[in-house]
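Please work through the exercises below with the sequence and the model side by side. Try each task before reading its solution.

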Amino acid sequence: MSEEVLGLDQAYSVKTPDDNRRLYAQWAATYETSFVNAQQYRYPKAIAEVFNDVVGPVKRVLDIGTGTGLTGMYLSRLRPELVIDGMDISPEMLAQARGKKRNDGSVVYRAVYERDLTQHVPNENSPYEALFSSGTFTHGHLGPECLRNLLPLLVDKGWFVVGVNNEHFESKGFSAELDSLVNQKLIQSPEIICIDVYESGSLHFGDQARVIITRAINSIQ
Ligand SMILES: C[S@@+](CC[C@H](N)C(=O)[O-])C[C@H]1O[C@@H](n2cnc3c(N)ncnc32)[C@H](O)[C@@H]1O
């Protein structure tokens, strides 16, 4: 597979964590030029904007499926006071994220961690006050069963702002999993909103994602 042809078709055809590792190892260097810029992908910016609108004052936050670090970069512009860490399965994508800079020239991410989020997620830091995610809950990446892997990463009432591809949300049963997490008193009743994933000039304009907005209930930590 040459770098030139990597795009949505390849991203949606992966099935396993190893497929993801291989895809993003090849794509990391050109992800922003060949996809984000070329397709006018605005998902990272949209998630940063939703986070800024809904989340109250917090300090330490986590970017789930960090990729090349665009979501953290946009969020750091809206909330310069945030300490942002990242987790992703791909060391090559995280290497790109390490280079992202804030408006003041400092790095966006305090630290980034290679983690497979389909499994129990080791966290060497104290729990975070909020987490956010763009583009990672999608076909062949993370399914609804992975939502609960993220909850131990949060403090009690920690914010959860997670984008999910629209078709993936329907076909994989995210609603049922969210109901189950509410019934088990692991999260507060979520609000779900829709965002545009691409700018109005893009060929893909009209594609939307759902954003799950809720708070973790972690009474024992
Ligand atoms: C489409 S990119 C989105 C990156 C970034 N958030 C953005 O919006 O530009 C999806 C990301 O999910 C990561 N990913 C895929 N499977 C994963 C897994 N099992 N655990 C952690 N990260 C995973 C990939 O490495 C990739 O960086």
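The exercises that follow concern a predicted model, and they deal with its ligand, its largest pocket and its largest cavity.

**Exercise 1. Describe the shell of residues around the ligand.**

Step 1. Begin with the neighbours: 22 residues surround the ligand, and the closest are Y31, G65, D88, L117 and S134.

Step 2. Sort these neighbours by class, which gives 8 nonpolar, 11 polar and 3 charged residues in the shell.

Step 3. Look for the elements that supply at least two shell residues each, and you arrive at α2 (17-27) and β4 (128-137). Of the elements, β4 gives the most to this shell, with 3 residues.

**Exercise 2. Find side chains that place an N or O atom within 3.5 Å of a ligand oxygen, and then say how much of the ligand the protein covers.**

Step 1. Start at S134, where a polar side-chain atom lies 2.5 Å from an oxygen atom of the ligand.

Step 2. Go on to T136, which has a polar side-chain atom 3.4 Å from an oxygen atom of the ligand.

Step 3. Turn to Y41, whose side chain has an N or O atom 3.4 Å from an oxygen atom of the ligand.

Step 4. Finish with the cover: on its own the ligand has 590 Å² of accessible area, and the protein covers 98% of it.

**Exercise 3. Describe the largest pocket and what lines it.**

Step 1. Locate the pocket by means of the ligand, since the space taken by the ligand is the largest pocket.

Step 2. Give its volume, about 650 Å³, and then its lining of 42 residues, among which Y24, G135, T136, T138 and H141 are the closest to the centre of the pocket.

Step 3. List the elements that give two or more residues to this lining, namely α1 (8-13), α2, α3 (31-39), α4 (43-54), α5 (70-78), β4, α8 (166-171) and β7. The largest share, 4 residues, comes from α2.

Step 4. Sort the pocket lining by class, and the result is 19 nonpolar, 18 polar and 5 charged residues.

**Exercise 4. How many cavities of 30 Å³ or more does the structure hold, and which residues line the largest cavity?**

Step 1. Count them: the structure holds 1 cavity of 30 Å³ or more, and about 30 Å³ of space lies in the largest cavity.

Step 2. Read off the lining, which is made up of L147, L151, F160, L178, L181, I187, I212 and T214.

Step 3. Sort this lining by class to obtain 7 nonpolar residues, 1 polar residue and no charged residues.

Step 4. Assign elements to the lining: α9 (174-183) and β7 (208-215) each supply at least two of its residues, and β7 also gives two or more residues to the lining of the largest pocket.

Note on methods: Residues are numbered from 1 along each chain as its sequence is written. This is a predicted model: local features need pLDDT of at least 70, side-chain atom pairs count only at pLDDT 80 or more; totals for chains, interfaces and linings use all residues. Side-chain values use heavy atoms; hydrogens and water are left out. A residue is near a molecule or strand if one of its heavy atoms lies within 4 Å of it. A polar contact is a pair of N or O atoms within 3.5 Å; within protein, one must be able to donate a hydrogen and the other to accept it, and residues adjacent in sequence count only if both atoms are side-chain atoms. Accessible areas come from the Shrake-Rupley method with a 1.4 Å probe; for residues, only the protein chains shown count as cover. On a 1 Å grid over the protein atoms alone, a cavity is a set of points where a 1.4 Å probe fits but cannot get out, and a pocket is an open set with protein on both sides within 12 Å along at least five of seven lines; lining residues have an atom within 4 Å of a point. A molecule sits in a cavity or pocket if more than half of its atoms lie within 2 Å of its grid points. Ala, Val, Leu, Ile, Met, Phe, Trp, Tyr, Cys and Pro count as nonpolar, Asp, Glu, Lys and Arg as charged, and the others, Gly among them, as polar. Grid points are joined across faces, edges and corners, and a volume is the space filled by probe spheres set on the points.
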